[in-house]
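Here is a friendly walk through one model, from the overall build of a chain down to single residues. Have the structure open beside you as you read.

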Amino acid sequence: MLFDARARARFAKNRSAVAGAAIVGALLAFSVVGPWVARHDPFESDFAHGVGPNGMPVGPGGGFPLGADRIFRDVFARLAVGGRLSLLIAVSATLLASAIGAAVGIVAGYTEGRRVARVVSVDGVLMRFVDVMLAFPFLLLVMAIGAALEHTSAITIFTTLGVTGWLGIARVLRAKTMQVRALDYVLASRALGQSAGRILLRHVLPNVAGPLVVSATVLVAQMIVADSVLSYLGVGIAPPTPTWGRMLFEGQDYLAAAPWLVAAPAVTILLAVWGFNMLGEGLRDALDPGDA
Amino acid sequence: MRWIPATRDTLPLVLAAAGVALFAAPLGCQTGLAAPIAAEHDEDAAPVRGGTLRLASFGDVRGLDPAGPIDGLSMGPVHLMFAGLVDYDPQGHVVPDLADHWDVADDGRTYRFVLRHGVTMHDGSELTADDVKRSVERALQPTTPDLFASYFAGIAGYAAFTGGKAEHLAGVVVEGRDVVSFHLDKPNATFLFLVALHSTRPTCKSAGSKYDDTWLPCGAGPFRLPPGGWQRGTSLRLVRHDAYFQPGLPYLDAVEWTYNMQALAQRLRFEHGDLDVVRELTHAETARFMADARWRPFGVVQADVNMYGESMNTRMPPFDNVEIRRAVAAAIDRGQFARIQPMTMTPLTQALPSSLPDYDPSFEGQRYDLEAALEHMRKAGYPFDPATGKGGWPEPVEYTMYDQGLVSYSAQLLQQDLARIGLRLRLKLVSYPAFLALQERAGASQMSQGNWMLDYPDPSSVFDELFGSGAIKPEGSVNTAFYRNARLDEIIEGAHGEMDAGKRRALYREANAIVCDEAPWAFTYGVHFFQLQQPYVRGLVAHPVWPIDVSRAWVDRAGTAAAGALGGGRR
């Protein structure tokens with residue numbers, strides 16, 4: 001079992017891991033429940049109560065717990081709705097990246113050292129491709145694809161992030177697969193004549209699941225940042241749909257006069273990234289203490 | 001493999017520090033503004049010659065050749081370098097400049113200009129009528145990238161000249177060393193405005209007869225470009241033209257622009273006294289300065305020269321239905337739009353911005369009336385019930401936009417307003433070049449934000465380009481609504497040749513009423529420039545036409561004035 005009693009005990013003793021889980025849980029809860037408890041519609045301007053002196057939005061307090069934005073909408077409600085989308089995109093992109101990365105990494109690791117028809121090494125081709133892709137700065141690549149898309153939606157963004165974010169996972173799983181394939185039970189399976197596909201699915205995949213989960217958890221944090229960067233640079237989802245990065249983008253010109261416009265999404269992104277990183281680190285320590 | 005350093009023992013501290021830092025950093029910027037830097041002399045002091053006026057922009061000038069492709073940023077320096085036959089006074093009236101006077105003959109078909117004597121150009125030569133003709137021909141050559149060339153199509157012989165069939169423009173006639181006349185195919189009441197545009201302003205002989213973008217700009221304006229004065233993408237420095245024809249002007253030794261400077265950096269340098277004027281403050285910064293009694297007297301507001309509206313493609317559903325367009329025009333709460341930036345926005349309810357002399361504030365135009373908007377939707381055959389949310393136009397309407405603060409905010413407010421009458425906008429975010437291409441292409445965009453900056457202060461600058469059928473093209477159509485109205489075309493044509501100001505005004509009143517009623521645009525707001533200047537900047541007032549005019553500005557800051565003060569420094 002991946003997360004057995006001993007792993008759970010190790011996880012529970014790790015304050016950082018527990019804090020990470022708590023932060024992630026709190027953000028999820030905020031995103032799910034927030035829009036329902038907010039007093040305002042996240043998409044409707046409130047000119048009666050949201051306008052402060054000189055046409056500036058009102059600050060935190062009163063009817064607007066986190067202040068109002070530039071067109072006088074509730075920042076709290078928008079942050080919660082934005083959380084749904086930001087987390088959904090990050091998690092979806094991570095799942096896609098994990099699937100691609102796991103497939104490439106496991107196949108590459110399992111076929112390492114073997115050549116097809118004595119000419120082509122599947123591992124070599126896959127890993128050189130990974131090397132080339134890793135040579136591109138991740139965010140630059142994502143921005144280029146994002147900018148090339150004439151019309152962006154949540155699907156295009158998570159697909160973009162997913163198909164560009166799997167490289168690290170492939171590397172990690174290749175290394176782990178090379179370890180696993182040399183173990184006795186894999187050798188025994190091969191000796192018994194089991195097919196490569198069956199060996200990979202039944203024996204290799206379950207034994208590399210720990211690093212996969214750890215890598216994926218940390219990758220969620222990277223995806224949150226990448227999604228925020230896309231939105232911040234104006235190649236994310238079109239308004240009025242809020243995402244944390246877009247809220248940051250919209251607030252930057254008002255850093256001095258309305259700091260809550262930047263502080264609210266910035267702190268939320270910080271907490272989300274931190275939370276997922278600590279959670280991933282804690283999972284790594286719990287699932288594979290030898291590597292810690 | 002470690003992704004980040006372990007943080008167990010320090011976690012609470014680090015989290016607390018990060019939170020405090022993130023909230024404290026912006027709050028730290030909330031500290032008070034620096035005090036204005038006082039002028040050296042009293043308010044009634046006479047102008048003092050000397051000093052450099054320093055400005056900045058987040059953009060870069062596109063070019064400095066008056067006949068070349070210039071943009072809003074270029075207009076300031078180009079206006080300082082190139083004087084015209086006529087110009088605008090501080091009230092926006094056309095007045096003689098290089099011309100001593102002019103007369104109009106032949107029922108508006110001939111404009112004859114008599115030049116001032118002894119106008120010295122930046123290269124030391126004297127301005128002659130030949131320079132005027134050569135500069136006009138240079139600007140209108142078919143190979144010259146002059147954005148305004150088509151405005152001059154009414155000059156006799158224009159087609160032959162631009163078609164390569166004639167070496168010279170027959171309609172521009174040199175009648176002597178100091179006299180030049182323009183002969184038009186038909187009367188044109190707007191011709192003086194066209195002469196005031198930059199593109200045909202006299203250039204030095206070094207400009208030659210054909211456009212060449214390696215030419216060092218040289219004209220007869222109050223400032224000249226010294227060698228090396230323009231560092232593309234970085235800065236521009238103009239120095240005083242000592243032989244300028246206006247006695248005693250300009251006062252400044254030089255004007256400097258720094259380009260590609262972000263708004264925040266501009267504000268900080270301005271506060272520190274390293275910039276004398278800022279024109280690109282964010283709304284938030286503007287509000288901060290204007291909330292400070294020390295700074296409030298030094299904010300300068302220009303008249304509305306930029307007009308905005310929602311352009312509806314009249315050839316595409318649902319806006320091929322005039323009732324739907326009327327519904328949109330009535331559903332927009334313009335007062336709320338203008339509250340996004342009350343310092344620089346004013347509600348716009350008609351086709352003419354308030355800066356135009358013919359603006360009639362009593363004309364109702366388009367006004368917010370939700371009940372009327374719902375009635376128009378019913379007449380259009382798409383009734384909408386706000387209580388149940390049922391009805392309205394059955395499909396989303398695509399609204400093409402680019403991602404810029406004000407555009408984005410007003411689009412979202414529009415979306416909220418139109419949802420109340422059953423029109424559901426889907427905002428389509430594209431790059432700015434893509435936005436322009438789609439907006440100006442037939443059948444490519446249902447709705448988008450229209451923006452128009454007057455080329456000259458006359459209603460024809462609005463109606464001809466934005467709503468006349470002559471401005472419709474399959475690509476690059478300035479008439480982005482692709483709106484066609486036979487009566488409006490008649491009015492546009494008639495007003496062009498109408499030399500009687502009263503009759504002309506009446507024609508444009510009718511044009512305004514047609515456009516407001518049929519609503520190819522739902523007008524939303526006008527935007528004016530706001531500039532903030534240090535108290536020691538004198539003589540810099542808002543101009544009704546030019547974005548900035550520093551020809552009479554002077555600097556009254558200790559240590560900047562030259563010894564040769566005019567009038568002894570104090571009055």
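Let us begin with chain B. Of its contacts with a separation of 6 or more, 71% are between residues 24 or more positions apart; two residues are in contact if their C-beta atoms, placed from the backbone, lie within 7 Å. Please keep in mind that this is a predicted model, in which local features need pLDDT of at least 70 and side-chain atom pairs count only at pLDDT 80 or more, while totals for chains, interfaces and linings use all residues. Residues are numbered from 1 along each chain as its sequence is written, and chains are lettered from A and ligands numbered from 1 in the order in which they are written.

Chain B holds 15 helices and 24 strands. These are DSSP runs numbered from the N terminus, with H or I over at least four residues for helices and E over at least two for strands. Along the principal axes, the C-alpha atoms of chain B fill a box of roughly 75 × 70 × 55 Å. The radius of gyration of chain B is 26 Å, which agrees with the value near 25 Å for a compact globule of 571 residues; the radius is taken over C-alpha atoms, and the globule rule is 2.2 Å times the number of residues to the power 0.38.

Of the 571 residues in chain B, 45% are buried. A residue is buried if 20 or more other C-beta atoms lie within 10 Å of its own, exposed if 12 or fewer, and partly exposed in between. Helix α7 of chain B (residues 283-290) is largely enclosed by the rest of the structure, because 7 of its 8 residues are buried. Among them are B:H283, B:E285 and B:R288. The cover over the buried residues of α7(B) includes α6 (263-272), β13 (299-301) and β22 (530-533) of chain B.

Now for the nonpolar cores, each a set of buried Ala, Val, Leu, Ile, Met, Phe, Trp, Tyr and Cys residues joined through C-beta atoms within 7 Å. The largest has 156 residues, and A:V75, A:I169, B:V328 and B:I421 touch the most other members. Helix α3 of chain A (residues 75-111) gives the most to this core, with 18 residues. Another core, of 78 residues, lies apart from it and includes B:V48, B:F82, B:A220 and B:V555. Beyond its neighbours within four places in sequence, A:I169 has contacts including A:A97, A:G101, A:L212 and A:L219.

A:A17, in helix α2 of chain A, is a nice long-range case. Its C-alpha is 8.4 Å from that of A:G275, although the two are 258 residues apart in sequence. A:A17 is buried, with 22 other C-beta atoms within 10 Å. Leaving aside neighbours within four places in sequence, the contacts of A:A17 include A:F11, A:M278 and A:D285.

Finally, some backbone details in loops:

| Feature | Value | Loop |
|---|---|---|
| cis peptide bond, A:P239 to A:P240 | omega about 10° | A:P240: between α9 (196-232) and α10 (244-251) of chain A |
| cis peptide bond, B:L249 to B:P250 | omega near -5° | B:P250: between β10 (235-240) and β11 (254-258) of chain B |
| positive phi, A:F72 | phi about 65° | between α2 (15-37) and α3 of chain A |
| positive phi, B:N260 | phi about 60° | between β11 and α6 of chain B |

Are A:F72 and B:N260 buried or partly exposed? A:F72 counts as buried because it has 26 C-beta neighbours inside 10 Å, whereas B:N260 has 13 and so counts as partly exposed.
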